[in-house]
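Hi,

Here's the structure I said I'd pass along. Have a look at it first, and my notes on what turned up are underneath.

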Amino acid sequence: TSINLKDTLDPGLTVNAVPNGCTQAGQEITCSLPTGTVQGEYAFTYTATVNAAAATKVLNQVTSDVGSCSSCSVTHPLWSVVTNKTSDAAAKKNVRIGDTINYTLKSTVVGGTSTRDVVLTDTLGTGLTLTSAPSGCSASGSTLSCTVPAGSAVGDYVFTYSTKVNEQAQGTVVNTVLPSYGSCGTCSTSSLVVREIGLLITKTAKTKTAKIGDFVRYEVVIENPSKYDAKDFSLVDQPAPGLSYVSGSMNVVGDSSFTVTSEYPLTTSSLDVAAG
């Protein structure tokens, strides 16, 4: 009589090709030894690819319509990796030009030993200069590549490096990691950049004496001797008792985008003064 082996595959496995002597129907492969097969060992070998339907493990199980099994099923636990990116600047409200920011990449392998390299490509945003590259990483321009090698056991794999905030930083400095395999918990970090700007403000009264009903003209000169532009700031002027702002009388030389947002205290907003 013939011998028929029925091998049932997990939905998370896709058969690449069935061997000679076998047929496939859905997730079942049937391999047959015809009547009259002489005594000996006969092997049917095939490969399968783990697909997106796989969860925590994949398995398959064979049954025979003749005889018995010494080992009837095979189970393969699935490994995966989750990567997170953090920085020591997260606890600060902001950073300044020249500050050092330390970043940490942590990849956690779960479910079993890894079977492929996991490459973490970390791209530094404008305004960050790499100052150190950890073991297991290589740098090229503004890109840092770190590798968790195939064969890594279950556990955490950590890469820590330092950057310096440089003069090109604008608004925020951002960098983002992209793993070649697995997923990200936190893939990107950003830090607000504060530039040190000191303004020199001089106020003079153009009217020396006044009586009730007179107009009193004031002039405020704002100088910016710092290296950076001062953008979108407000000037707050507290009038003395008995003075009230004359609506529409505000004029700002060199900045037409200002607004008077309060008359008492007199607040002029959306001001910009270039460096120098």
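Strand β16 (residues 172–179) has side chains that alternate between two faces. Val173, Asn175, Val177 and Pro179 point one way and are buried, while Thr172, Val174, Thr176 and Leu178 point the other way and are not. Bear in mind that this is a predicted model.

β16 has partners in the sheet. With β11 (residues 118–124), it runs antiparallel, joined by five bridges, and Leu124 stands opposite Asn175 there. β16 also pairs with β18, again antiparallel and over five bridges. In that pairing Thr176 stands opposite Ser188, and Asn175 stands opposite Thr189.

Zooming out, these strands belong to an open sheet of six, in the order β9-β18-β16-β11-β14-β13, with mixed pairing. β9 (95–96) and β13 (137–140) are at the edges with a single partner strand each, so one side of each has no neighbour in the sheet.

Now for the residue I'd click on: Thr189, which lies in β18 (residues 188–194). Is Thr189 buried or exposed? Its relative accessibility is 12%, and because the cut-off for buried is under 20%, Thr189 counts as buried. The side chains of Thr189 and Asn175 are joined by a polar contact of 2.9 Å, and these two residues also stand opposite each other across the β16 and β18 pairing. Leaving out residues up to four places away in sequence, Thr189 touches Lys85, Thr86, Ser87, Tyr103, Val173, Val174 and Asn175.

Cheers

Conventions:
Residues are numbered from 1 along each chain as its sequence is written. This is a predicted model: local features need pLDDT of at least 70, side-chain atom pairs count only at pLDDT 80 or more; totals for chains, interfaces and linings use all residues. Side-chain values use heavy atoms; hydrogens and water are left out. Helices (H or I, at least four residues) and strands (E, at least two) are DSSP runs, numbered from the N terminus. Buried means under 20% relative accessible area, exposed over 50%, partly exposed in between (1.4 Å probe, protein chains only). A polar contact is a pair of N or O atoms within 3.5 Å; within protein, one must be able to donate a hydrogen and the other to accept it, and residues adjacent in sequence count only if both atoms are side-chain atoms. Contact means heavy atoms within 4.5 Å. Two strands pair if DSSP finds at least two bridges between them.
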